[in-house]
Every structure is written in C-alpha cells, then in structure tokens.
Amino acid sequence: MTALTQAAPRPDGFPRAVSLLLNIGHGIDHMFLLIFATAVASIAAEFGYANWTDLMPYSVGAFALFGLGALPAGRLGDLWGRRIMMIIFFVGMGLAALLVSLTQNAWQLAAALTLLGVFASIYHPVGIPMLVQHVSNPGAVIGINGLAGNLGIAVAALVTGFLVKWIGWRAAFALPGIIAIACGIVFAITCPKEAEAPSMRKGGKAKVVLTPAMLVRAFTVMTAAAVASSLLFNFTTNGNSQLLSEGFLGVIEDPALLGALLAAIYTIASFAQIVVGRLIDSMPFKPLQLWMSVAQIPLLIFAAHTQDWWLFVALLAVMIFVFGSIPFTDAMIVRYVDDRLRSRVAGMRLTVAFGISSLAVWLLGPMVKGIGFSNALWIMAGIAAIKAAIVLLLPDEPAVEPART
C-alpha cells in the first residue's frame with residue numbers, strides 16, 4: 001500500500017474512543033458537582049435541617065477546590081503528561097462520589113464534597129487542552145465538548161431526581177461513581193501513552209500572535225470575564241432546581257418531574273455551545289462575546305418576575321446564553337497560547353475564576369433565604385452587565401479565517 005492510499009491519521013493522534021471519553025469526562029465533571037444541588041432538599045431532611053438553604057453552604061468546599069485545584073492540576077498536566085492526569089481524574093471522581101454516598105452528617109458531607117472538588121479541578125486545565133491538541137477547528141471542538149459538559153448538568157437534574165425518588169440520594173452519588181471508575185479503566189486501556197510531556201514538545205504555537213502587552217491585557221480581561229461568567233453559571237446551575245420548585249409550587253411538585261423539566265432546559269440550552277463554537281472559528285471574539293453578555297441582562301430580569309410555565313421559558317432563554325458563553329475562554333487560550341503552556345495558563349485562569357465564583361455557592365442559600373429568588377436574579381442581571389463592560393476592554397483583532405473541514 002502506498003503512502004497516498006493510506007488512511008490519513010487523526011490530527012490529534014487519539015483513537016475515537018479516547019476523544020469520546022474526553023467529552024464524557026466533561027459531562028462527568030459537571031454532573032457530579034451538581035448532584036448535590038439537585039438532591040439537597042432530601043439530604044437536608046435526612047440530616048435534620050429544616051430548610052435546604054441551611055445545608056447549601058456546606059458544598060462551598062467542592063467549588064472552591066474546583067477552582068483552586070486547577071492551578072496545580074494544569075501544571076502537572078503540562079509537566080507529567082495529560083493522560084495520567086485524566087486517569088487520576090476519572091478514578092478519583094468515582095471514589096470521591098462513593099465516599100459522599102457514605103456520609104452521615106453535614107461535616108462529613110462537606111469533607112467528601114471538597115475531595116470531589118479536588119478531582120473535579122483536573123478536567124478543565126487538562127482534558128480540554130488534550131482534546132484540542134493540533135486540531136484545525138478548536139472552536140467547533142470546544143463547542144461539542146461544551147455540549148457534553150452541559151448534558152452532564154442535564155443528566156444530573158434528570159437522573160438525580162429519579163434516583164432520589166426511587167432509591168435515595170445516596171444512590172445518586174454511588175451509581176455515577178461506579179461509572180466514572182469504569183470510564184477511567186477504559187481510558188487507561190485505550191489512550192496511547194504520551195512520548196513526552198506537553199512542556200517538552202515542539203510546535204503547538206498560538207493561532208493568533210499578540211504583543212506581550214496585548215497578551216497580558218487579553219489574559220486579564222479574559223480572567224475577569226470568566227469570573228463573571230462563572231458566578232452566573234454557579235448561581236443558576238446550583239439554584240435552578242429550587243427556583244423551579246418554588247416557581248411551580250401548587251402546579252408541579254413531583255421532584256422527578258421538576259428534574260425532567262430542568263433537564264430539558266439544560267439539554268436544549270447546551271446546543272448553543274455548538275453554534276457559538278462554530279462562530280468562534282470564523283469571527284473575532286469581542287463583538288460575539290459582547291452581545292452574548294448583553295442579552296443575558298433583560299432575560300434575567302424577565303425571569304425575576306415570572307412563575308410556572310413563563311418561568312420555564314425565561315430560564316430556558318437565560319441558560320441558552322449562559323451556556324453559550326462558556327466556550328469563549330477556552331477558545332481564547334487555544335487562540336493566544338502555545339500548547340506547551342496551555343494547561344498551566346488554563347489552570348491560572350480557572351483558579352481565579354472558579355475560586356472567586358465559588359462564593360456564589362456559599363452565598364446562594366443565605367441570599368435566597370434573606371432576599372428571595374427575584375432579588376437574587378436582579379443581582380445576576382447586574383453581574384451580566386458588569387461582564388459586558390469587561391468584554392469591551394478586550395483587544396481588537398482581525399477576523400479569523402474559517403477553519404477548513
């Protein structure tokens with residue numbers, strides 16, 4: 001067989017099973033962090049708390065370490081290799097979820113969730129740079145990966161609701177934990193060993209070269225915008241389940257059915273990332289991200305003043321733009337940063353953004369208890385306005401040529 005007739009190798013060098021598992025890993029990452037938010041009312045009742053809002057602050061450790069752990073995880077991904085870190089991610093997530101299912105009080109739960117956050121911090125600075133290595137259309141790849149991550153959120157809402165109803169909240173952690181460990185075993189078998197760590201490789205240059213001053217400006221603005229985006233993401237994904245419960249009070253009160261409605265919102269909204277991912281490959285970031293940010297402001301205000309089915313419509317619209325904004329920061333790292341440094345740069349950005357945004361999880365319960373969901377949604381609209389102002393500070397750049405398919 002001649003070289004001309006041989007099948008062209010995949011640009012990233014991974015078997016399809018590996019790429020699939022990297023996308024599944026994103027779903028696992030987000031799903032596991034939001035099982036608690038869906039099951040919190042049942043856990044609070046078992047642990048003797050009168051209201052879910054009193055138990056919600058105990059999950060802050062998971063989200064704090066989700067951010068703070070990204071910096072060392074990104075560094076280890078570049079220096080040790082991304083394959084070994086992803087194996088640790090899958091197995092660690094599974095074991096931590098099993099540990100959560102065995103807890104007997106709030107402080108044990110907080111410790112186990114914090115450990116879950118440590119392993120969850122690995123995925124974004126390691127899994128996404130691994131997935132986009134050498135691809136010609138990173139925006140589209142990140143869009144599909146974002147879809148997988150948000151489908152994990154939808155699965156958390158749907159599956160947790162049914163498992164809590166039929167078996168109990170402990171099964172909602174234990175069964176996915178076993179699946180995560182199985183994924184880690186398959187990943188270890190199917191993913192080729194890396195010849196060298198990313199930091200030792202040649203090539204992988206940034207797609208758009210900026211001057212050092214513009215690069216610092218882009219990174220600063222990107223990180224600040226990511227903080228605002230993560231605050232909105234954490235407020236909504238951790239609060240939507242209880243928001244729907246209150247909004248549909250007297251109309252629908254079955255937790256499984258409410259979970260199905262929330263899963264429908266997340267599933268539909270997730271596809272926005274594919275659209276945005278393709279747009280990222282063909283146009284500058286600044287105008288696209290700006291209008292995605294501006295659109296969230298009136299939608300959040302509308303959601304603050306709706307009930308039952310109008311609330312469903314409002315939340316769907318809000319989540320389309322919240323989820324649609326997710327690919328920007330990962331795509332910016334691909335566009336501006338050499339592959340040899342991407343995990344470390346992603347880790348620095350995630351540590352700041354997710355570390356600060358973990359405050360949203362800690363504040364959610366006390367805030368809703370004190371001022372109600374309507375006022376909390378107005379605060380989120382204010383955060384969206386601040387994000388739009390931050391995006392205006394992004395450096396202008398020429399349009400990017402569409403990726404060849």
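A residue counts as buried when its relative accessible area is under 20%, as exposed when that area is over 50%, and as partly exposed in between. The exercises below apply this definition to a predicted model.

**Exercise 1. Describe the chain as a whole.**

Task: State how many helices and strands the chain has, and what percentage of its residues count as buried.

Solution.
Step 1. The chain has 16 helices and zero strands.
Step 2. Of its 405 residues, 58% count as buried.
Step 3. The area that the chain exposes is about 16300 Å², and carbon and sulfur atoms supply 72% of this area.
Step 4. Among the contacts in the chain with a separation of 6 or more, 87% are between residues 24 or more positions apart.

**Exercise 2. Examine helix 7.**

Task: Determine how many of the residues of helix 7 are buried, and place His124 in this setting.

Solution.
Step 1. Helix 7 comprises residues 123–131, and His124 is found in it.
Step 2. The buried residues of the helix are Tyr123, His124, Pro125, Val126, Gly127, Ile128, Pro129, Met130 and Leu131.
Step 3. Nine of the nine residues are therefore buried, and helix 7 is largely enclosed by the rest of the structure.
Step 4. His124 has a relative accessible area of 7%, so this residue is buried.
Step 5. The side chain of His124 makes a polar contact of 3.4 Å with the side chain of His30.

**Exercise 3. Locate a nonpolar surface patch.**

Task: Name the residues that make the nonpolar surface patch, and decide whether Ile88 is buried, partly exposed or exposed.

Solution.
Step 1. Leu79, Trp80, Ile84 and Ile88 make the patch, which covers about 360 Å².
Step 2. Helix 4 (70–80) and helix 5 (82–101) each supply at least two residues of the patch.
Step 3. Ile88 is found in helix 5.
Step 4. The relative accessible area of Ile88 is 32%, so Ile88 is partly exposed.

**Exercise 4. Compare a loop residue with a helix residue.**

Task: Describe the positions of Ser325 and Val276, and list what each of them contacts beyond its neighbours within four places in sequence.

Solution.
Step 1. Ser325 lies in the loop between helix 14 (308–324) and helix 15 (327–336).
Step 2. Ser325 has 5% relative accessibility and therefore counts as buried.
Step 3. Leaving aside neighbours within four places in sequence, Ser325 is in contact with Met292, Gln296 and Lys387. The side chains of Ser325 and Gln296 are joined by a polar contact of 3.2 Å.
Step 4. Val276 belongs to helix 12 (residues 272–280). With a relative accessible area of 4%, Val276 is buried.
Step 5. With neighbours within four places again left aside, Val276 is in contact with Leu288, Met292, Gly324, Pro327 and Phe328. Met292 is thus among the contacts of Ser325 and among those of Val276.
Step 6. Val276 and Gly143 are 133 residues apart in sequence, and their C-alpha atoms are 6.8 Å apart in space.

**Exercise 5. Consider the cysteines.**

Task: State how many disulfides the structure contains, and classify Cys183 and Cys191 as buried or exposed.

Solution.
Step 1. A disulfide requires two cysteine sulfur atoms within 2.5 Å. A search of the whole structure finds zero such pairs.
Step 2. Cys183 has 11% relative accessibility, so Cys183 counts as buried.
Step 3. Cys191 has 4% relative accessibility, so Cys191 also counts as buried.

Methods. Residues are numbered from 1 along each chain as its sequence is written. This is a predicted model: local features need pLDDT of at least 70, side-chain atom pairs count only at pLDDT 80 or more; totals for chains, interfaces and linings use all residues. Side-chain values use heavy atoms; hydrogens and water are left out. Helices (H or I, at least four residues) and strands (E, at least two) are DSSP runs, numbered from the N terminus. Buried means under 20% relative accessible area, exposed over 50%, partly exposed in between (1.4 Å probe, protein chains only). Contact means heavy atoms within 4.5 Å. Accessible areas come from the Shrake-Rupley method with a 1.4 Å probe; for residues, only the protein chains shown count as cover. Patches are made of residues with over 30% relative accessible area and no salt bridge: like charges are joined within 9 Å, nonpolar side chains (Val, Leu, Ile, Met, Phe, Trp, Tyr) within 5 Å. A salt bridge is a side-chain nitrogen of Lys or Arg within 4 Å of a carboxyl oxygen of Asp or Glu. A polar contact is a pair of N or O atoms within 3.5 Å; within protein, one must be able to donate a hydrogen and the other to accept it, and residues adjacent in sequence count only if both atoms are side-chain atoms.
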